[in-house]
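This briefing introduces a structure to a reader who has not met it before. It takes up a strand pairing and then the surroundings of a ligand.

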Amino acid sequence: MYKNCERSWIQIRRKEIIALLFIILIEILFIISNISFLSSLYKDSVKNSLRDNVFIISNLIKEYDKQKYQKIFKNSDVRFNIIHEDGVVIYDSKKYDKEYELENHGARKEVLALQNNEMGFDIRKSSVSDEVTAYYAEKEINKDGETIIVRVSKSYGSTQKILRVILLAEILFFTLLNIVIHSFYKNYLKRDVYRKIEIIEKYLKDEGRGGTLYFEKDPWILNLWDIVQKWQEKNLENIVELNREKRILHQIITSIDASICLFDDRFKLIIKNTRFNYLYEKDKMSYLDLIKDIEIIDIMKRTIEQKQNQKSEVYIPRLKRYFSVNIKFLDQDQRYLLSVKDITQTKGMIEVQKTFISNISHELKTPLTNIKGYVIALEDAPELLKLQFIKTIKNNIDKLENIIVDFLNITKIESSKIVNIEKISVERLKMELNLALSERIKSSGALITYNLNLLNKHGELNIDFEKVLTIIKNLVENAIVYRGSKIPEIEISIIETKSKYKIGIKDNGIGMAPEDVEKIFERFYRVDKARTSNKAGTGLGLSIVKELVEICGGKIDVLSKEGKGSIFIFTILK
Ligand code: ADP
């Protein structure tokens, strides 16, 4: 595109130079023809004047002798000769009485021309006066009846000088004329280009509403216009692309789970995301006005002073929350990118995990210490106690196993929170439950009854079978374990509504005190009395149940009365 423009520009230059050379050629031709015309005009006039002189002289020499016309021509600027036919100079008005000094004039051009019956006229440098001179000669008869040649001559130098001056004047005139024309032409071109550019500018400012543009057949302007248009098209494409990227960037920034802002070292806020507005007021433009928390301002000031990235965790008392503050120094732009992320929950989770790990270690340590102690004691124990010891060791191994199973369950729940709903018959649920708890049911003599109130006649459930089975299994197991001295009577009720199932596990067990009911869903919480009645318990079962119920989109509640029994009711979404 630019090459095209360059090419047409060179073409214009070339055309301009050719036009200029053509004009100069015409001017030179004009000067040559003018000068040659003037020179022939002058020649003719000199010739005519000399011829007139010859005519007068011819009459003179017919009547007068040398002395007489010497008197007349002595002071005249016209030189007059009388030459014999053989070329001997008989008389010379400028060399009177010294004619013998003059060489023979027979070879002079004008004399030779007369011999050949041509006009005797010549212009050349005189050997006598050393000047350019015009000569005119004619054959005449003198008063003695002899044929002589009368020759008159006159200086032609002044005429040549005039011609030279005219030539110079003409050259000067045309040179000046060319310069003037050229500068006018350049100016005109410049103004023309400006005018066209102004039109383009107006057109562009008017966003093309000015109608169609016509630039005649000017290739340079057309090319320029072409470049402008293509450039504009490219710009528009870039703007569209930039807008798209801006939109994506905006979406990314707004979807980031942190308050983000860009500020400069004069504390001016350049950009901030919407989440930032939740943290602080909307319209403040300086972060010093906007950010009220000295903990964050301190870090920002430090970054500006040190021009280095900063990262730290702060507790903001105003909000009673923990934040991770991250400031990146963008050295290319001399700007700072601040991101503030609420990490209270993560921090809480880390704390919970830490407590969980320390609790689980503690829970594992107790049965292990017991096992170790009883194994050592077993070696020297009397036969009677040995069976008792082995029973205790077995109980502790059961406890270890339960802790590990519960721990694995928790890890499994946390790693996958996907609900997998499937169609399952109540019969299958009953069967799987009996299979899982067969030993406990057998040893306790538990009586399990079902109270079903389902919307479909086929006894089908739309549930995440694995999760619901784990929930019911844990609750029924507890109902058996915490039965006290009674034979457990357990009622499982399932009520189906349009959107959910309401499932209840009712027992006639030992029940719980109200202060325990509040805590039983916490991890590792065990009612004191339970420790004695269920030595293998971990205190994790109900926390697993609660978490599974919540994953299924439901809630769990418990109603309990000490010594009477408990009922656990939970809902799950379909
Ligand atoms: P674990 O059974 O391993 O001790 P759980 O989380 O399953 O742990 O139960 C926590 C506590 O709640 C138990 O220690 C027990 O005291 C009490 N509990 C649970 N279910 C019942 C129930 N059906 N009847 C009486 N107490 C119960």
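In this predicted model, aspartate 557 has isoleucine 569 of β17 as its bridge partner. This pair introduces the hairpin of β16 and β17, after which the points below turn to the ligand.

**The hairpin**

- Strand β16 spans residues 556–561 and strand β17 spans residues 565–573; the two run antiparallel and are joined by six bridges.
- Three residues lie between the strands of this hairpin, and glycine 563 adopts a positive phi near 80°.

**Residues around the ligand**

- The ligand is surrounded by 21 residues, of which Tyr482, Arg526, Thr538, Gly539 and Leu542 come nearest.
- Sorted by class, this shell contains 11 nonpolar, eight polar and two charged residues.

**Contacts, burial and contributing elements**

- The side chain of aspartate 507 places an N or O atom 2.9 Å from a nitrogen atom of the ligand.
- Arginine 526 has a polar side-chain atom 2.6 Å from an oxygen atom of the ligand.
- For threonine 538, a backbone N or O atom lies 2.6 Å from an oxygen atom of the ligand.
- The ligand taken alone exposes 530 Å², and the protein buries 97% of that area.
- Two or more residues of the shell around the ligand come from each of α13 (465–481), α16 (541–551) and β17. Strand β17 thus appears in both topics, as it also pairs with β16.

Definitions and conventions:
Residues are numbered from 1 along each chain as its sequence is written. This is a predicted model: local features need pLDDT of at least 70, side-chain atom pairs count only at pLDDT 80 or more; totals for chains, interfaces and linings use all residues. Side-chain values use heavy atoms; hydrogens and water are left out. Two strands pair if DSSP finds at least two bridges between them. Helices (H or I, at least four residues) and strands (E, at least two) are DSSP runs, numbered from the N terminus. A residue is near a molecule or strand if one of its heavy atoms lies within 4 Å of it. A polar contact is a pair of N or O atoms within 3.5 Å; within protein, one must be able to donate a hydrogen and the other to accept it, and residues adjacent in sequence count only if both atoms are side-chain atoms. Accessible areas come from the Shrake-Rupley method with a 1.4 Å probe; for residues, only the protein chains shown count as cover. Ala, Val, Leu, Ile, Met, Phe, Trp, Tyr, Cys and Pro count as nonpolar, Asp, Glu, Lys and Arg as charged, and the others, Gly among them, as polar.
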